[in-house]
Amino acid sequence: MSLTLFTEPFYTLADFDRLFDEAFNARSSGPRTVSEGGQLQNTSRVMRPRMDLHEDREKNVVTATFELPGLAKENVQLDVKDNVLTVSGESSVSSEHNEKGYAVRERRFGKFSRSLPLPQGVKPEEIKASMANGVLTIAFPRTTPEMAPQKIAIQ
């Protein structure tokens, strides 16, 4: 019996990244095409904007911050339904320039949607949103006066 040592793993980290991307994007990705190398490619990609969620108990405010580089506020929608805040949008960025005699064209298209459950009793008019420099900031109350604990006097 001989012992064979492998100096390279069967899969590289890039292979694992690709496998996980394919597994998690299978339901949400759009139509696919096959490239010359036989690889599946999505013709439309799903964006995954980063989100930070902060809670300030002293001010009774929850703040959600989304990184949306290259998006204008006109391309972002906020909806509230059944106490769920949904942030969605679509990006279509295209640029062209000449470089050393070649025409360079870059395009990026994608859609995204993120949902956040809201505390009971939050009204849509209590939600404040602003967008500057590709950062969307949404603030809403952590609790409402109706949900605050009520003190009952003992007689």
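**Salt bridges, sheet and core in a predicted chain**

Let me begin with a single residue, R105, which is partly exposed, with a relative accessible area of 48%; on the scale used here, buried means under 20%, exposed means over 50%, and partly exposed lies in between, computed with a 1.4 Å probe and with protein chains only.

Before going on, I should say that this is a predicted model, in which local features need pLDDT of at least 70 and side-chain atom pairs count only at pLDDT 80 or more, while totals for chains, interfaces and linings use all residues. Residues are numbered from 1 along each chain as its sequence is written, and side-chain values use heavy atoms, with hydrogens and water left out.

The partner of R105 is E96, and their side chains meet in a salt bridge at 3.4 Å, N to O, where the term stands for a side-chain nitrogen of Lys or Arg within 4 Å of a carboxyl oxygen of Asp or Glu. E96, at 58% relative accessibility, counts as exposed. In general, side chains of opposite charge can pair when their charged atoms come close.

How many salt bridges does a search of the whole structure find? There are two, and besides the pair just described, R142 forms one with E55, the closest N and O atoms being 3.3 Å apart. That pair links distant parts of the chain, since R142 lies in the segment after strand 10 (135-141) and E55 in strand 4 (residues 51-56), 87 residues apart. R142 counts as partly exposed at 23% relative accessibility, and E55 is partly exposed as well, at 46%.

Turning to the overall layout, the protein chain has one helix and 10 strands, these being DSSP runs numbered from the N terminus, with H or I over at least four residues for helices and E over at least two for strands. Along the sequence, the helix is followed by the strands in the pattern α-β-β-β-β-β-β-β-β-β-β.

Four of the strands form an open sheet with the order 4-5-10-9 and antiparallel pairing, where two strands pair if DSSP finds at least two bridges between them. Its edges are strand 4 and strand 9 (128-132), each of which pairs on one side only. Strand 9 is joined to strand 10 by five bridges, and the two run antiparallel; one bridge couples A129 with I138 in strand 10.

Which residues touch the most other members of the largest nonpolar core? Of its 16 residues, they are F66, L68, V87, L136, I138 and F140, the core being a set of buried Ala, Val, Leu, Ile, Met, Phe, Trp, Tyr and Cys residues joined through side-chain atoms within 4.5 Å. Strand 5, strand 7 (84-99), strand 8 (102-117) and strand 10 each supply at least two residues of this core. V87, leaving aside residues up to four places away in sequence, touches several residues, including F66, L136 and I138, with contact meaning heavy atoms within 4.5 Å. For the chain as a whole, buried residues make up 18% of the 155 residues.

I will close with K73, which sits in the loop between strand 5 (61-67) and strand 6 (76-81) and, at 57% relative accessibility, counts as exposed. K73 and G89 are 16 residues apart in sequence, and their C-alpha atoms are 9.1 Å apart in space.
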